[in-house]
Amino acid sequence: MTAKVCVVYHSGYGHTAKQAEAVADGAGQVDGAAVTSVSVSDLEDAESDAWSQLDEADALIFGCPTYMGSVSAEMKKFMEASSGRWMEHKWADKLAAGFTNSGSQNGDKQNTLVSIATFAAQHGMVWINLNLMPGNNNSNGSVDDLNRLGSFMGAMAQSNIDEGPDVVPPAADLETARKLGERVALCAKRWA
Ligand SMILES: Cc1cc2nc3c(=O)[nH]c(=O)nc-3n(C[C@H](O)[C@H](O)[C@H](O)COP(=O)(O)O)c2cc1C
């Protein structure tokens with residue numbers, strides 16, 4: 001059976017878009033997974049066909065940059081625009097997961113993931129965590145480790161603010177994002 005995974009993301013300057021691509025890439029590596037990606041800018045029109053990609057998916061993976069310690073305004077706008085779906089319980093029992101990227105090592109990214117998880121809970125969705133051991137947390141660790149930022153809720157990435165999306169987020173964070181996509185696709189196959 002095909003499991004449909006849809007990555008729903010916002011990126012102001014392209015860094016989180018790189019992370020979103022890696023999430024989709026990881027999900028797409030799973031045999032039997034059909035993956036789509038939708039930018040929230042394509043969801044501004046309530047009548048847009050892009051909404052149907054979310055409605056039809058078995059799993060939705062939400063991601064955005066951390067701006068001012070929380071989800072970006074564009075992501076929040078999408079969240080509020082989804083209230084019609086909430087009224088209909090349309091996304092209940094779909095799987096959900098999240099990712100975020102920010103300039104600082106910490107940067108309050110956890111708050112963004114908690115906001116996304118809360119949003120998913122409001123829709124009655126089932127949260128899938130990252131399930132990777134934290135990296136770079138011992139004397140043999142390195143910034144090249146998978147899950148170097150040590151997140152459990154979802155995938156985190158960090159992009160130096162003076163570098164472009166051609167350089168950051170670094171490979172370790174993109175690989176961590178791929179792992180999230182892969183995990184969600186595998187879970188979606190079991191769930192479907
Ligand atoms: C309005 C704004 C607010 C930001 N707030 C934070 C923040 O709270 N924490 C942080 O670490 N970085 C913050 N940053 C940095 C971004 O998270 C970082 O540059 C990220 O890579 C941007 O991703 P994007 O290119 O996908 O928009 C902020 C950037 C902007 C433009």
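Which residues of E5 are buried on one side, and which on the other? Keep that in mind as you click through this predicted model; the tour gets to E5 after a few stops.

**Stop 1: E1.** Select residues 3–9, which form strand E1. Of its 7 residues, 6 are buried, so to speak of E1 as mostly covered is fair under the cut-off of under 20% relative accessible area. Now add residues 33–39, strand E2: E1 and E2 run parallel and are paired over 7 bridges. For a landmark, pick Cys6 and look across to Thr36 in E2.

**Stop 2: over the helix.** Bring in residues 15–28, helix H1. Together with E1 and E2, helix H1 makes up a β-α-β unit, and the unit is right-handed.

**Stop 3: E3.** Go back to E1 and select residues 59–67, strand E3. This pairing is parallel too, with 5 bridges between E1 and E3. Cys6 is your landmark again: opposite it in E3 stands Leu60.

**Stop 4: H3.** Next, select residues 73–81, helix H3, and show the side chains of Met75, Phe78 and Met79, the buried residues of this helix. They sit on the same side of H3, because the arc they cover around the axis is only 100°. Turn to the face pointing away from that buried side and you'll meet Ala73, Lys77 and Glu80, which are exposed. What do the buried residues of H3 pack against? The list is E1, helix H2 (50–56), E3, strand E4 (70–71), helix H4 (83–87) and helix H5 (109–122).

**Stop 5: E5.** Now for the opening question. Select residues 95–102, strand E5, where 8 of 8 residues are buried. In a regular strand, side chains alternate between the two faces of the sheet. In E5, Leu95, Ala97, Phe99 and Asn101 are on one side, with Ala96, Gly98, Thr100 and Ser102 on the other. Every one of these is buried, so both faces of E5 are covered.

**Stop 6: the partners of E5.** Keep E5 selected and add its neighbours in turn:

- E3 pairs with E5 in the parallel sense over 7 bridges; Ile61 has Ala97 as its bridge partner in E5.
- E6 (residues 126–127) runs parallel to E5 and is joined to it by 2 bridges; look for Leu95 and its bridge partner Val126.
- E7 (residues 155–158) is also parallel to E5, with 4 bridges joining them; here Phe99 stands opposite Ala155.

**Last stop: H5.** Show H5 along with E5 and E6, and you have a right-handed β-α-β unit.

Methods. Residues numbered from 1 in each chain as written. Predicted model: local features only at pLDDT ≥ 70, side-chain atom pairs only at ≥ 80, totals over all residues. Heavy atoms only, no water. Buried < 20%, exposed > 50% of the residue type's maximum accessible area, 1.4 Å probe, protein only. Pairing = 2+ DSSP bridges. Right-handed = clockwise from strand over helix to strand, strands pointing away. Arc of directions from axis to C-beta. Contact = heavy atoms within 4.5 Å.
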